[in-house]
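Me: Please take a close look at one chain of this predicted model. I would like its burial, its fold and its contacts in one connected account.

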Amino acid sequence: MIMLPTVVRNLFGGPATRMYPVTTREPFARARGHVEFNEDLCNQCGTCARRCPAIAIDLDKDKKEWILHPDRCIICEVCAEVCPKDAITIAPQWRAPFYKREAIIYHSKAVKEKGEKTGE
Amino acid sequence: MIDKLKEISKDQLLAEVKKYADAKARFVTGSANDLGDKLEITYFFNASPGMDLSALRFSVGKDEEVPSMTGIYLTAVLIENEMKELFGLKVKDLAIDFGGHMMLAQDSPVLPMLKTEEQLAAGKKGGN
Amino acid sequence: MAPRTITPFGPQHPVLPEPIQLKLELEDERVVGVVPAIGYGHRGIEKACELNEYPKNIYLCERICGICSAIHGMTYCDVVEKLWPLEIPPRASYLRTIWAEMARTHSHLLWLGLLADAFGFESMFMQYWRIREKVLDILEITTGHRVTQSVSIVGGVRRDIDDDQKKHCIEVLKDVRKEAEALNNVLVNDYTVKARTVGKGVLSYDQAIALGLCGPHLRASGVKEDCRTQGYWAYGDLSYEPIVATGGDSFSRAAVRVGELYQAIDLQLEAFGKLPEGELAAKPKGNPPANEAVSRVEQPRGEVFYYAKGNGTRNLERLRVRTPTYANIPSLLVMLPGCELADVPIIVLSIDPCISCTER
C-alpha cells in the first residue's frame, strides 16, 4: 500500500528507458568515447606509447607509423594528456563494437625539429 | 612507515594474537612479502571501536612451519589460505583448509606471488 | 534426525551475478553447515601491480571492482602519496570526496535494488535502478565515464568540476534524494519487507568485532566505526557522523545503508558548497622512495585496506589490497547455520558481497 503513490506515478509517466539503438542519447560533452589521432601533428616522439597503461599504442619509427589497438585501449585519456603536440584527442562518441582484433594504422607526418626534446 | 609495528618471532605469534583477541581488537588483514630467502608476514589489527591500527611482523624461512591463528580469529582463514597458495607459506592447523585451490586452479602457476630474480635484483639496487 | 544433504548454492548467479559457491549442508530446509568456495575470478592484480610502473597501476586498481572503481583508484593514489609523503591540493581532496560520495550514492541505490530483487520485489528493484541511472549520468558528465571514472592521479585529480556542472549536480542530487525518500519509505515500513529481513542473520556486537567485519555490516551491529572519521581528504572539514543501527540483522543493514544514502547526498551538497579554488594536482618528485604505507578508506561496502611498499624504483615492491568483502565473507560461516534455505539469498546479500573484487 505504501508503494501505491509510486505505482500511480509510473502508470501515467512515460517509459524511463530508450529504444536503443533506434534512439540514442547525445554523448556528454567531456565523456571519454574513443581516441582520435591527428596525423599532421604527430612527430613520433613515443611518449604516448611509453605512458599507455594498456600497451594499446605501438610505434614503427622506420615506416613512421602510429598504431592503435582499439581492442586493448581502455580510453583512460592518458595519451591525450601527455602528448606534447596535442595530436591525440578523445572524442565523446563510443566506438561501435567490432568482430576482429584489427589495429588502426596512421602515418605521422610532422617532422622532428633538430634538438627538440621528445617527451620525457 | 607503519606506526605501532611490533617485530616478533613466529613462536610468539599466538601469544601476541591472543592479547589482541582479549582486548577485543578487530583483525584487519595480513600481508606477505618475498624477501628472497625469507617471507615477511605482517598482520594488522584495529582497536575497535575507533581507527587505531597496529601491526605484528615476523619473518620465516620458506620451509618453516607457521602456527595458524584461525583458532583465535576465524576470519583469518581466507588470508592464511591465500598466503599458503600464493607464497608457499606453510601454515599448520588451519580451521578450513582449501587445499591450495581457493584462488588457484589445477593448472595455475605455482606460487605466483614469489618474486622473480629480476625483481629481487631491482629491489636491492633501488632500495637505498 | 532428518538426513543431511549438501546443496551447492552458486556459482552461477546466486542472488547476484557474482561467482561464489556456498556448499550448504541442509537438514530438511534448515542450514546446518556452510563452506564458501571462492576463486573463480582471481586475476593476479597484486602481482601485475608489482610488475607495472606505479602511475599505470591506477587504471589497473580501478578495475579491481566495477562499483567502487573510483574509490579504488583514489585509495591507490592515496597510499602511494603516503610513501613520500606528498600533500594533495585542497581542491583535489574536495573533488575526491565528492566523487567518492557519488560512488557511494549509486552503490547503495544498486544494493537497495538488489535487496528488493532478492525477496522478489521486482518493481522496487526497477525503481531503485531508475534513480541510480541519474547518479551515473552526473558521474559521466563530471568524470567522463559512468563506471571506470579514472579521475585520480598520484598527487591529485585529473578533472575539474566547473560551475555549470556543479549547479547541475546539485539539482540532480536533490531530485534523487526526493525520489529515494519515497522508495525508502516503502523499504523501511512495508510489512512484507520486514517479514523477510527482520531477525535474519543476526550478529551481536562482540561477534561483529571478533569476525573482523567492516563497513555498514559492522555498523549495523552497533559498532560505531567508520574510516571516514580519520578525516582523510575533505572529510575532516565536513560535518560527518557514522550511522549506526543496533539490530545486527538484515533489516538493520538495510537501514544503515538507507541512512548512508541520505548522508552521502548531504556530504556532496556540503562539499559543493565549500569547494575551494586552487590547483588540481601536485607533481610527485622522482620515484616512490623505499618506504611503507597503509591507507584505509571507506568504500560503500566497507573499509578498503591498501598496503604499499616502495623500493626507490618506478615499480612498487609490494601492493596488498584487502577489499571489504574479504573481511565480510567469514561472517557467512556464523550467520548461515540455523537459518532456512529461503533466507540464504537475503543473508548473503546483506553483506553486499563483491566477490570478483575480493579475489583481485
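Reply: Burial comes first. In this predicted model, 38% of the 128 residues of chain B count as buried. The overall dimensions come next. The C-alpha atoms of chain B fit a box of roughly 40 × 40 × 25 Å along the principal axes. The radius of gyration of chain B is 15 Å, and a compact globule with 128 residues would have one near 14 Å, so the two agree.

Now the fold. Chain B holds 3 helices and 6 strands. Along the sequence they run β-α-β-β-β-β-α-β-α. Contacts within the chain can be sorted by sequence separation. Take those in chain B between residues at least 6 apart in sequence: 50% of them join residues at least 24 apart.

Next, the neighbours. Chain B does not touch chain A; the nearest C-alpha atoms of the two are 20 Å apart. Chain C is another matter. Of the 2 pairs of chains in contact, B and C share the most contacts. Chain B puts 31 residues into this contact, and chain C puts in 38 residues. On the chain B side, the elements that give two or more residues are β2 (25–34), α2 (77–87) and α3 (117–126). The most comes from β2(B), with 6 residues. By residue type, the side of chain B that touches chain C divides into 17 nonpolar, 12 polar and 2 charged.

Notes
Residues are numbered from 1 along each chain as its sequence is written. Chains are lettered from A and ligands numbered from 1 in the order in which they are written. This is a predicted model: local features need pLDDT of at least 70, side-chain atom pairs count only at pLDDT 80 or more; totals for chains, interfaces and linings use all residues. Helices (H or I, at least four residues) and strands (E, at least two) are DSSP runs, numbered from the N terminus. The radius of gyration is taken over C-alpha atoms; the globule rule is 2.2 Å times the number of residues to the power 0.38. A residue is buried if 20 or more other C-beta atoms lie within 10 Å of its own, exposed if 12 or fewer, and partly exposed in between; C-beta atoms are placed from the backbone. Two residues are in contact if their C-beta atoms, placed from the backbone, lie within 7 Å. Ala, Val, Leu, Ile, Met, Phe, Trp, Tyr, Cys and Pro count as nonpolar, Asp, Glu, Lys and Arg as charged, and the others, Gly among them, as polar.
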